[in-house]
Amino acid sequence: MNKELLKPKITAIVAESNKKPADKMQFLCNLIQENLPTYNWVGFYMAHESEPTLHLWCQAGEPTDHIVIPFGKGICGQVAVSNKNFVVDDVKAQDNYIACSIHVKSEIVVPLFKNGKNIGQIDIDSNTVKAFDESDERFLEWVNEQVATIL
Ligand code: SME
């Protein structure tokens, strides 16, 4: 399935009235990970209310040990500080990188803004080198805008 076809399904999950936000986010992780072949791991890390740390709320794909990530550490931690998308074509070329699986070759992290504040991020890992381009950035920005409406 392509990203455009996923959008109405994402909108429908976000609009459901009988689920909590974190449950909807888990459904979104599953939906995206199952339908986009190069999206091998999909998760949302959300910022702690007062500490400079990111916390894994939900994920689809191989379990990870990295449940809490300090701001500044790894690709995720850098995005928490920079407020900017981070597209990594080849994770081996990164020195500030946290490896979650030996299979991962590329990664994209897109911040999630609520009322202009960076409150978390969507993180995608791929087992394919250079799996992500601008269409993925636009798609994941759109996903995060939908999620922001329920947070
Ligand atoms: N690779 C990330 C850590 C999270 S895992 O991809 C699930 C990073 O460098 O921040």
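Here is a walk through the ligand site, the cavity around it and the open pocket of this predicted model.

Let's start with the ligand itself. Its surroundings are made up of Trp41, Tyr45, Ile69, Gly74, Ile75, Cys76, Tyr97, Ile98, Cys100, Glu107, Asp123 and Asp125. Sort that shell by class and you get eight nonpolar residues, one polar and three charged.

Now for the polar contacts, taking each in turn. An oxygen of the ligand lies 2.8 Å from a polar backbone atom of cysteine 76. With glutamate 107, the partner on the ligand is a nitrogen, 2.9 Å from an N or O atom in that residue's side chain. Then there's aspartate 125, where an N or O atom of the side chain is 2.8 Å from a ligand oxygen. As for how covered the ligand is, on its own it exposes 310 Å², and the protein buries 100% of that.

Where does the ligand sit? It is in the largest cavity. If you'd rather think in secondary structure, the elements giving two or more residues to the ligand shell are β1 (41-47), α3 (74-82) and β6 (117-126). Of these, α3 gives the most, with three residues.

So much for the ligand; next comes the space that holds it. How many cavities of 30 Å³ or more are there? The count comes to one. The largest cavity holds about 80 Å³ of space. Its lining consists of Tyr45, Ile69, Gly74, Ile75, Cys76, Tyr97, Ile98, Cys100, Glu107, Asp123 and Asp125. On the element side, α3 and β6 are the ones that give two or more residues to this lining. The largest share is from α3, at three residues. By class, the cavity lining has seven nonpolar residues, one polar and three charged. The residues with ligand polar contacts turn up here too: Cys76, Glu107 and Asp125 are among those lining the cavity.

Finally, take a look at the largest pocket. Its volume is about 260 Å³. Which residues line this pocket? They are Met46, Ala47, His48, Glu49, Trp57, Phe71, Ala80, Asn83, Lys117, Asn118, Ile119 and Leu151. Here the elements contributing two or more residues are β1 and β6, and β6 gives the most, with three. The class split for the pocket lining is seven nonpolar, three polar and two charged residues.

To tie the two sites together, follow the elements. Strand β6 gives two or more residues to the ligand shell, and β6 also gives two or more to the lining of the largest pocket. The same can be said of β1, which appears in the list for the shell and in the list for the pocket. Helix α3, for its part, gives the most to the ligand shell and has the largest share of the cavity lining.

Conventions
Residues are numbered from 1 along each chain as its sequence is written. This is a predicted model: local features need pLDDT of at least 70, side-chain atom pairs count only at pLDDT 80 or more; totals for chains, interfaces and linings use all residues. Side-chain values use heavy atoms; hydrogens and water are left out. A residue is near a molecule or strand if one of its heavy atoms lies within 4 Å of it. A polar contact is a pair of N or O atoms within 3.5 Å; within protein, one must be able to donate a hydrogen and the other to accept it, and residues adjacent in sequence count only if both atoms are side-chain atoms. Accessible areas come from the Shrake-Rupley method with a 1.4 Å probe; for residues, only the protein chains shown count as cover. On a 1 Å grid over the protein atoms alone, a cavity is a set of points where a 1.4 Å probe fits but cannot get out, and a pocket is an open set with protein on both sides within 12 Å along at least five of seven lines; lining residues have an atom within 4 Å of a point. A molecule sits in a cavity or pocket if more than half of its atoms lie within 2 Å of its grid points. Helices (H or I, at least four residues) and strands (E, at least two) are DSSP runs, numbered from the N terminus. Ala, Val, Leu, Ile, Met, Phe, Trp, Tyr, Cys and Pro count as nonpolar, Asp, Glu, Lys and Arg as charged, and the others, Gly among them, as polar. Grid points are joined across faces, edges and corners, and a volume is the space filled by probe spheres set on the points.
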